[in-house]
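Got the viewer open? Take your time, and pick each selection as we come to it.

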Amino acid sequence: MAPRLSFTIPVLNEQEVLPHLFSALLELRGKLDQWKCEFIFVNDGSHDLSANLLDQFAQSHEGVTIVHFSRNFGQQAAYSAGLSLACGDAVIMMDADLQDDPEQVLLLLAEFERGFDVVYGIRESREAGWLINVAYTLFYRILKTVSTIEIPADTGDFCVMSSRVAKQIAELPEVHRYLRGMRAWVGFRQKGVPLPRAARKAGVTKYSLRKLFRLALDGVFSFSLWPLRVSFLLGMSVMTLAGLFLCINLLMWCLTDIVPSGYTTTIGFLILLSGLQFLLLGVIGEYIGRIFQQVKGRPVYVVARVVGGTLQKKLDWQESN
């Protein structure tokens, strides 16, 4: 029996690029004769014609399943849904914008077949503005430095993983999901492959600066206690400086006739301390807010409907194993 390969692809308002994506995937499937392919598209609350195009694709081609969310839950949630439903011996995670060329799947699979559980793409180049490139570079270096685990730099979600890794990630109960970090956390044998990252094939990016910033916070706060430790060090540093300042003023008052004064300095210190307190409260609030959202136990996503047979196939496969 041919090994099974599952593609999980989140989609959000991608009506311009979907026809190009379908053609590229069908062409790729023709080159994967040794694999039995299934495609799982997760419609993450699209408001354009994406849902109709996806349903038409599922109805006209075998092995295609469309999962429609009840609203927009985010790319990481969409990926998680795809991992939960994937039946393959290997699972491909890739975006719908064709920035990661589907032909590069062949390179990832070549390394996967050598015995690795996870093979991920390392972005050796990116067709984007210099500011975005600098921001990504800084973020990955900072995250790698402060993280409690080794998260490879310059990596995206594009990867191939074994079914056991996909199962472990899908079953993690985290609400704030940073899959690149979770992928590194589960361990197993992993390898990165340098790949160029092209510009979008069509349409516009759905990751605004606000969403990118939120994803960055998920990466830092989910895999690091560094913000809390920095808060402690800042507090100790300010207390030390304040103590030295008071000691100097006390010595000046006792040993000289100079009476320390400085309305501007005093106000400046008060503003600095107030700002620092609010900053530290904000860091603590981030962790408390995430604890609050986690303990409520709400699901990561809600499925409105499914077009295709992946759910039934997965149930049948679980019963037979």
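Here is a walk through a predicted model, from its inner cavity to its salt bridges, a surface patch and a few backbone spots.

**Stop 1: the cavity**

General idea before you click: rolling a probe the size of a water molecule over the atoms shows where empty space is left. Searching the whole structure this way turns up one cavity of 30 Å³ or more. Its volume is about 50 Å³.

To see the walls, select Asp100, Gly121, Ile122, Arg123, Gly156, Phe158, Leu195, Pro196 and Arg197. Now color the strands behind them: E5 (118–126), E6 (155–162) and E7 (190–197) are the elements that each give two or more residues to this lining. What classes of residue make up the lining? Four are nonpolar, two are polar and three are charged.

**Stop 2: Lys31 and Glu103**

Time for some charged pairs. Side chains of opposite charge can pair when their charged atoms come close. How many salt bridges does a search of the whole structure find? Eight.

Start by selecting Lys31 and Glu103, and show their side chains. They form a salt bridge, with the closest N and O atoms 3.0 Å apart. Lys31 sits in helix H1 (residues 18–31), while Glu103 is in the loop between strand E4 (90–93) and helix H4 (105–112), so the bridge ties together parts that are 72 residues apart in sequence. If you switch to C-alpha atoms, the distance between the two residues is 9.3 Å. Turn on a surface and look again: Lys31 is partly exposed, with a relative accessible area of 41%, and Glu103 is partly exposed too, at 27%.

**Stop 3: Asp117 and Arg164**

Next, pick Asp117 and Arg164. Their side chains meet in a salt bridge, 2.9 Å from N to O. Asp117 is in the loop between H4 and E5, and Arg164 belongs to helix H6 (residues 163–171), so this pair ties together parts 47 residues apart in sequence. Is Asp117 buried or exposed? With a relative accessibility of 8%, Asp117 counts as buried. Its partner Arg164, at 46%, counts as partly exposed.

**Stop 4: Arg180 and Asp157**

Now select Arg180 and Asp157, another salt bridge, where the closest N and O atoms are 3.3 Å apart. Arg180 lies in helix H7 (residues 179–186) and Asp157 in strand E6, so to speak two distant parts of the chain linked across 23 residues. If you have the surface on, hide it for this one: both Arg180 and Asp157 are buried.

While you're looking at charged side chains, add Glu111, Arg114 and Lys191 to the selection. Salt bridges with shared partners join these three into one network.

**Stop 5: a nonpolar patch**

Bring the surface back and select Leu225, Leu228, Ile284 and Ile288. They form a nonpolar patch on the surface, and together they have about 320 Å² of accessible area. Zoom in on one of them, Ile284, which you'll find in helix H10 (residues 263–295). At 39% relative accessibility, Ile284 counts as partly exposed.

**Stop 6: Ala96 and Phe22**

Head over to the loop between E4 and H4 and click on Ala96. This residue counts as buried, with a relative accessibility of 3%. Then add Phe22 and draw a line between the two C-alpha atoms: Ala96 and Phe22 are 74 residues apart along the chain, and the line should read 9.6 Å.

**Stop 7: two positive phi angles**

For the last stop, switch to a backbone view. Most residues other than glycine have a negative phi, and most peptide bonds are trans. With that in mind, select Asn13, where phi is near 50 degrees, a positive value in a residue other than glycine. Asn13 is in the loop between strand E1 (4–11) and H1. It is partly exposed, with a relative accessible area of 22%.

Where is Phe188 found? Look in the loop between H7 and E7. Phi of Phe188 is also positive, near 65 degrees, and again the residue is not a glycine. Phe188 counts as partly exposed, at 39% relative accessibility.

Terms used:
Residues are numbered from 1 along each chain as its sequence is written. This is a predicted model: local features need pLDDT of at least 70, side-chain atom pairs count only at pLDDT 80 or more; totals for chains, interfaces and linings use all residues. Side-chain values use heavy atoms; hydrogens and water are left out. On a 1 Å grid over the protein atoms alone, a cavity is a set of points where a 1.4 Å probe fits but cannot get out, and a pocket is an open set with protein on both sides within 12 Å along at least five of seven lines; lining residues have an atom within 4 Å of a point. Grid points are joined across faces, edges and corners, and a volume is the space filled by probe spheres set on the points. Helices (H or I, at least four residues) and strands (E, at least two) are DSSP runs, numbered from the N terminus. Ala, Val, Leu, Ile, Met, Phe, Trp, Tyr, Cys and Pro count as nonpolar, Asp, Glu, Lys and Arg as charged, and the others, Gly among them, as polar. A salt bridge is a side-chain nitrogen of Lys or Arg within 4 Å of a carboxyl oxygen of Asp or Glu. Buried means under 20% relative accessible area, exposed over 50%, partly exposed in between (1.4 Å probe, protein chains only). Patches are made of residues with over 30% relative accessible area and no salt bridge: like charges are joined within 9 Å, nonpolar side chains (Val, Leu, Ile, Met, Phe, Trp, Tyr) within 5 Å. Accessible areas come from the Shrake-Rupley method with a 1.4 Å probe; for residues, only the protein chains shown count as cover.
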